[in-house]
Amino acid sequence: MSVKNINHHKEKGEKLNKLELKISEILTEISSHNSNVEYNPDDPFSKESPSSITLQKFLGRFKKYSKIEKSTLILILIYSDRICTSSGIILNPHNIHRIILGCLILALKYNEDELFSNEQLAEIGGVSLQELNKLEYFSMLLLNFDLFISEDIYQKYVKYISNYSTKLL
């Protein structure tokens with residue numbers, strides 16, 4: 001591999017790191033704002049104890065084992081917003097990791113060429129296969145089984161992320 005190719009790969013990785021950081025910051029900020037929301041057993045994503053791992057580290061685990069595309073990370077943000085909007089679920093420390101995991105699984109399957117089995121994804125996500133399947137099912141259900149995102153909507157989220165940090169994209 002030439003030095004030019006190594007530098008290009010490094011630059012792409014740095015852009016993904018910035019994007020991953022900004023998306024995790026956006027979602028963590030929303031979740032933290034709702035930290036007064038208590039565990040809700042009726043929320044299919046809610047966990048009695050909030051996760052001890054940061055969202056950035058959680059996303060980083062998936063990036064470590066797969067070649068997550070920039071667009072996949074943006075889809076996670078879009079899907080999580082659509083799930084919360086359509087269901088009235090409030091993103092909070094009790095459900096953020098599990099909502100993001102459900103959205104991540106769908107975004108990977110919809111957008112990536114390299115697919116992982118649900119067993120592999122469950123292991124990376126730190127949940128059982130049964131739990132991952134449940135999160136995937138509820139995510140699809142709350143998205144009305146519609147994973148398509150128009151270019152206009154996608155660009156609105158890109159602009160939102162860019163405005164959140166002008167050095168991002």
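Contact here means that heavy atoms lie within 4.5 Å, and helices are DSSP runs (H or I, at least four residues) numbered from the N terminus. The structure is a predicted model, in which local features need pLDDT of at least 70 and side-chain atom pairs count only at pLDDT 80 or more, while totals for chains, interfaces and linings use all residues. Residues are numbered from 1 along each chain as its sequence is written, and side-chain values use heavy atoms, with hydrogens and water left out.

In H5, Asn118, Glu119, Leu121 and Ala122 meet Leu129, Leu132, Asn133 and Glu136 of H6. The axes of these two helices, which are lines fitted to C-alpha atoms over the stretch in contact, with angles running from 0 to 180 degrees between N-to-C directions, come within 9 Å and cross at roughly 100 degrees. That makes H5 roughly perpendicular to H6, a term used for angles of 65 to 115 degrees.

The largest nonpolar core, a set of buried Ala, Val, Leu, Ile, Met, Phe, Trp, Tyr and Cys residues joined through side-chain atoms within 4.5 Å, has 45 residues, and Ile23, Leu27, Phe62, Ile74, Ile76 and Tyr79 touch the most other members. Buried means under 20% relative accessible area (1.4 Å probe, protein chains only). H4 supplies the largest share of this core, 10 residues.

Two residues and their contacts, leaving aside neighbours within four places in sequence, are listed here.

| Residue | Residues in contact |
|---|---|
| Leu27 | Leu55, Leu77, Ser80, Leu91, Ile96 and Ile100 |
| Arg82 | Leu143, Asp146, Phe148 and Ile149 |

Arg82 lies in helix H3 and is partly exposed, with a relative accessible area of 25%, where partly exposed covers the range between buried and exposed, the latter being over 50%.

Notes: Helix = DSSP H or I, 4+ residues; strand = E, 2+ residues; numbered from the N terminus. Parallel < 35°, antiparallel > 145°, perpendicular 65-115°, else oblique.
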